[in-house]
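Dear colleague,

I am handing over the structure below, and after it you will find a short account of what was found. Please read the two together.

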Amino acid sequence: MANDKVTLTDHRTQKSYELPLNDGHIRAADLRQIKTGPDDFGMMSYDPAFMNTASCKSAVTYLDGENGILRYRGYPIEELAENCTFLEVAYLLLNGELPSQNELKDWVEQVSQHRLVHENLKKFIDGFHYDAHPMGILTSTVAALSTFYPEAHNIKDKLNRKQQILRLVAKMPTIAAYAFRHSLGLPYVFPENDLSYTENFMHMLWKRTEPRYQSNPVLARALDVLFILHADHEQNASTSVMRAVGSSHADPYAATAAACAALSGPLHGGANEEVLVMLAQIGSVDNVKDYVKHIKEGKGKLMGFGHRVYKNYDPRARIIKRTAEEVFKVTGRNPKLDIALELEKIALEDEYFVKRKLYPNVDFYSGIIYQAMGFKPEMFTVLFAIPRVAGWLAQWQEMLEDPEQKIARPRQIYIGKELRHVTGKSAGLRAVASD
Ligand code: SDX
């Protein structure tokens, strides 16, 4: 379209520039032509924390923060959570379409056959203290996987990429279960190939001396739904890390380990664990009002609330809240839910949170369910990382296949010292010389 451009006037030089619009947005590189003279490097956009910068074009996930919309490959999250299994959704994210019956059968079969990990990996996990945080174990063990599959560095080979993707989707629950068992001093449990993704995970977590753990079908399905809800979320911090590390052509295990590290932060995937710490600190429904006052005085954050993109209710939180009721029919009601519900009620009516558009996010209710299922808070972010691997890998392969992408290397605005010189030998060298 003829008017698919913007005109910028640089009042320093009185020059005007026409910048073409690309899907309605300018290319930051087009700003470089705006100079005050021949020695000028040219203009950049300055955007700390990338509040308004698109790092890529992606077809994987669509978010509409104002209207609380989340779609994977065009499908609303509500419909996927209602009608699909996690492995179907993982297939959708990775391949762009939901699998046919035969494709799904083949995919489930392949994932089942890759659940085992090399026996040596157990030695890594054994090396951790019993009370090592399971996210530290998961992050380190995923990184170690790249040494078991050296061919994974051949990231240009599409079939090779698919093989590593399959291994990661299949092995994440095994490593997570081993980390959990290690923390309890229990023996590792081999996967059972004929169990579903979440039934097998629960078997590897909870089996004692019985031949096979019989998971409650309501809880197995609830975990499957939670995995669907956590599978991808466009360019969040950990996905951005996955893309950045992948852009240097590091192997997918190294990139996934880096993404796990980013996810572990309390402002990101670590928030679900912090929500339980917060609810325990509040202690009872009667204390909620005082706690909210504490937050409004700027003495901390309401963990599980707020989001960079959602300025409305996180659609995942709504589904998780419904799932909680299903879980509590089996496990008994987690008393922390009452505190969480009162916290949500007060916050949603309070001007401080309304003005800042702070709503419950995916982490606000998930931890309450996980705790009712028998998980310790330290495992919550691990439960986030398992399904998110499908999204990270879908974004990773999309980045590698995008002809516009290359190694991620942002610019900076330098605000340090101007040129200056070392006068004489430095103190360090003088100390050496006098010895
Ligand atoms: C996830 O990006 C993703 O998609 C992430 C994720 C995914 O699926 O990958 O959705 C998963 O990480 C969810 C978020 C989990 N984190 C938490 O629940 C931690 C608590 N939330 C906040 O730390 C915060 O809301 C963030 C980090 C989630 C978003 O922060 P922003 O976008 O940088 O917002 P901000 O910090 O600039 O806050 C704007 C204002 C500030 O107040 P003022 O300085 O304007 O007075 O809102 C306030 C903040 O202080 N604020 C909060 C708050 N979150 C923001 N105040 C109290 N409690 C909060 N939770």
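**Sheet, helix and surface patch**

Strand β4 (residues 69-72) is joined to β5 by two bridges, and these strands run antiparallel; strands here are DSSP E runs of at least two residues, and helices are H or I runs of at least four, both numbered from the N terminus, while two strands pair if DSSP finds at least two bridges between them. This is a predicted model, in which local features need pLDDT of at least 70 and side-chain atom pairs count only at pLDDT 80 or more, whereas totals for chains, interfaces and linings use all residues. Residues are numbered from 1 along each chain as its sequence is written, and side-chain values use heavy atoms, with hydrogens and water left out.

Y72 has Y75 in β5 as its bridge partner. The open sheet has three strands in the order β3-β4-β5, paired antiparallel, and its edge strands, each pairing on one side only, are β3 (61-64) and β5 (75-76).

Helix α3 (residues 101-113) contains S112, which counts as buried because its relative accessibility is 6%, buried meaning under 20% relative accessible area, exposed over 50% and partly exposed in between (1.4 Å probe, protein chains only). A polar atom of the S112 side chain lies 3.4 Å from the backbone oxygen of N193.

I413, in the loop between α17 (380-401) and α18 (427-434), is partly exposed, with a relative accessible area of 49%.

With best regards

Technical notes
A polar contact is a pair of N or O atoms within 3.5 Å; within protein, one must be able to donate a hydrogen and the other to accept it, and residues adjacent in sequence count only if both atoms are side-chain atoms.
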